[in-house]
Amino acid sequence: MTWEFATTRFGGFPTAEEGETWPLCDSCADDLTFVAQVDHSRDGLHDRLPISFFTFFYCWNCRPWGRGSEGGGWLVRSYTALRRPKVLVHGAEPDFEERHAVPRLEKSLPDAVGMRLHCLELWDLVPGDSGSHEAWANWHIVDRAALGLTQERARAPHMRNAAVAIGGYPYWANGGDETPVCTKCTLPMELLLQIPPSELTDAMWGDVGTLYLFMCRMHTHQTGLRIQCT
């Protein structure tokens, strides 16, 4: 992908395939707001999902959290290739100021509450049951084991996940692991994009909320959204 307007960015106007139109919310039929796009073929530096590019739109009328019976209010458009890309202009000014990001590849592990799903070997080192006082008092065991596994010395590797992240493992802001399951294959989806409060975007979710986008590796049309607030 060589088009500058198809680079990873937050805000501004999105890149789309020629012929596509601005998406509408499937709940309230109002215009969705463009939040971010990612050149996944270049910037998806972890174990890449089988897509080359995606855009993310959100409805600030419906404000979905991606749980329960919620059926819409957001959209991920993903592409295996952009053949005839164009900038999809909508209105005189974009909803959010355009900002760009340069990705950095670093080692990471699931955070403490994600160990049960992603790394049973570390989870088994934590005394007590998930959520019990005994377990919460012993997360330093997981941190120490994580440092040993990745041969890091400075800090627990999962702490790096707390920022804006493309792929890798989610850093859950407040609560348990909420990784959605694909309705087609029933397997846990993989993190596509994580957006905490950041200078990269003017978008905000709830009270200091972090938004998580997920995608199924086998069924890339199956995506999931979660939001957690501190």
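1. Arg217 has a relative accessible area of 27% and is therefore partly exposed. The model is a predicted one, and this applies to every point below. Arg217 takes part in a salt bridge with Glu190, where the closest N and O atoms are 2.8 Å apart. Glu190 belongs to strand S8, while Arg217 sits in the loop between S9 and strand S10 (223–229), so the pair links distant parts of the chain, 27 residues apart. Glu190 is also partly exposed, at 28%.

2. The sheet around this pair deserves a look. Strands S8, S9 and S10 form an open sheet in the order S8-S9-S10, with antiparallel pairing. S8 and S10 are the edge strands, each pairing on one side only. On average, neighbouring strands of this sheet are turned by 20 degrees against each other, direction ignored.

3. Strands of a sheet are held in pairs by backbone hydrogen bonds, and the pairing may be parallel or antiparallel. Between S9 and S10, which run antiparallel, there are seven bridges. One residue pair to find in the model is Gly209 and its bridge partner in S10, Cys229.

4. How many salt bridges does a search of the whole structure find? The search finds six. Among them is the pair of Arg9 and Glu98, whose side chains meet at 3.8 Å, N to O. Arg9 lies in strand S1 (residues 9–10), and Glu98 lies in the loop between strand S6 (85–87) and strand S7 (99–100), so this salt bridge ties together parts that are 89 residues apart in sequence.

5. Is Arg9 buried or exposed? Its relative accessibility is 3%, and residues under 20% count as buried, so Arg9 is buried. Its partner Glu98 has a relative accessible area of 39%, which means that Glu98 is partly exposed.

6. Another salt bridge joins Asp202 to Arg99, with the closest N and O atoms 3.0 Å apart. Asp202 is in the loop between strand S8 (190–195) and strand S9 (209–215), and Arg99 is in strand S7, so the two tie together parts that are 103 residues apart in sequence. With a relative accessible area of 37%, Asp202 is partly exposed.

7. Which residues are linked with Asp202 in a network of salt bridges? They are Glu97 and Arg99. When checking this network in the model, recall that Arg99 lies in strand S7 and Asp202 in the loop between S8 and S9.

Key. Residues numbered from 1 in each chain as written. Predicted model: local features only at pLDDT ≥ 70, side-chain atom pairs only at ≥ 80, totals over all residues. Heavy atoms only, no water. Salt bridge = Lys/Arg side-chain N within 4 Å of Asp/Glu carboxyl O. Helix = DSSP H or I, 4+ residues; strand = E, 2+ residues; numbered from the N terminus. Buried < 20%, exposed > 50% of the residue type's maximum accessible area, 1.4 Å probe, protein only. Pairing = 2+ DSSP bridges. Axes fitted to C-alpha atoms, helices over the stretch in contact; angles between N-to-C directions.
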